[in-house]
Amino acid sequence: MSPLKTHPPVITSLLLCLRPKETSCVLALTDVGYPANSLERIYNKSLLLDNGCRLWQGLLDKDGYGITAVLGKKMPAHRAAFGLATNFDSLKGQYVLHKCSNRACVNIDHLYLGNQKQNVQDQIDAGTFVYGEKNGWSKLKEDDVLHIKQSSFSTKALAKYYGVA
């Protein structure tokens, strides 16, 4: 038994029924393990790459960011790593940004605190900022915008025509 182990053990595995309403239940074994309450635990669940990135090997969200829980609170893995290495109080109202532009990276040397403006600028610099018709909320295509800019019709008529009134 290691004297460094400070967290009490929790369930090390859990059987889940994937189809509970069917007559035959397919069971899945999932690793629950210890809470990710230390940077060591975060790093143990990452793969060190040649460029220094520590690639999160746990769950990823739809945008490619790692997901974990610290002290029972679900959060992005890179934010958890930075908070565990520094102080969670310093994260309030701040973004944890990647110097490496690798969303799954949890290496604290590749992370820094910033604000929304810096986050957007990082996305623009990395070419990952979504704008124009690539944005899921966009109502106009690029050709529509060009037509509107060259049009002599009133803005009211154009808005009605394009359904953005």
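Confidence by element, then. This is a predicted model, and strand E2, residues 27–30, has the lowest mean pLDDT among the elements, at 38. At the other end is strand E4, residues 54–56, where the mean is 96, the highest. The pLDDT stays below 50 over residues 1–35. That stretch still has 39 contacts in the model beyond near neighbours in sequence. Where pLDDT is low, the predicted coordinates should not be read in detail. For the protein as a whole the mean pLDDT is 79, with 78% of residues reaching 70 or more.

Next, the layout. The protein has five helices and eight strands. Reading from the N terminus, the order is β-β-α-β-β-β-β-α-β-β-α-α-α. Of the contacts with a separation of 6 or more, 35% are between residues 24 or more positions apart. There are 165 residues, and 22% of them count as buried. The accessible surface is about 12,100 Å², and carbon and sulfur atoms account for 55% of that.

On to the core. In soluble globular proteins, nonpolar side chains tend to be buried together. Which residues make up the largest nonpolar core here? There are nine: Ile-42, Tyr-43, Trp-56, Val-70, Met-75, Ala-77, Ala-80, Ala-81 and Val-106. Two elements, helix H1 (39–44) and H2, give two or more residues each to this core. H2 supplies the largest share, three residues.

Staying with H2, which spans residues 77–85: its buried residues are Ala-77, His-78, Ala-80, Ala-81, Phe-82 and Gly-83. What do they pack against? The partners are H1, E4, E5, E6, E7 and E8. In an α-helix there are 3.6 residues a turn, so residues three or four places apart point the same way. If you have the model open, Ala-77 and Ala-81 are both on the buried list for H2, and both also belong to the nine-residue core.

Now the hairpin. Strand E5, residues 67–70, and strand E6, residues 73–76, run antiparallel and are joined by four bridges. Thr-68 has Met-75 in E6 as its bridge partner. Met-75 is also a member of the largest nonpolar core, as is Val-70. The hairpin has two residues between its strands.

One backbone angle in that turn needs a comment. Most residues other than glycine have a negative phi. Leu-71, in the loop between E5 and E6, has a positive phi of about 50 degrees although it is not a glycine. Is the Leu-71 side of this turn buried or exposed? Leu-71 has a relative accessible area of 70%, which is over the 50% cut-off, so the residue counts as exposed.

A second case is Ser-101. This residue, again not a glycine, has a positive phi of about 60 degrees. Ser-101 lies in the loop between E7 and strand E8, residues 111–114.

Last item, Gly-93. Where is this residue? Gly-93 is in the loop between helix H2 and strand E7, the latter being residues 95–98. With a relative accessible area of 72%, Gly-93 is exposed. The C-alpha atom of Gly-93 is separated by 9.3 Å from that of Gly-114, which is 21 residues away along the chain.

To recap: residues 1–35 have a pLDDT below 50, H2 gives the largest share of the nine-residue core, and the two non-glycine positive phi values I mentioned are at Leu-71 and Ser-101.

Notes:
Residues numbered from 1 in each chain as written. Predicted model: local features only at pLDDT ≥ 70, side-chain atom pairs only at ≥ 80, totals over all residues. Heavy atoms only, no water. Buried < 20%, exposed > 50% of the residue type's maximum accessible area, 1.4 Å probe, protein only. pLDDT = per-residue confidence, 0-100. Contact = heavy atoms within 4.5 Å. Areas by Shrake-Rupley, 256 points an atom, 1.4 Å probe, with all protein chains shown as cover. Core = buried A, V, L, I, M, F, W, Y, C linked by side-chain atoms within 4.5 Å. Pairing = 2+ DSSP bridges.
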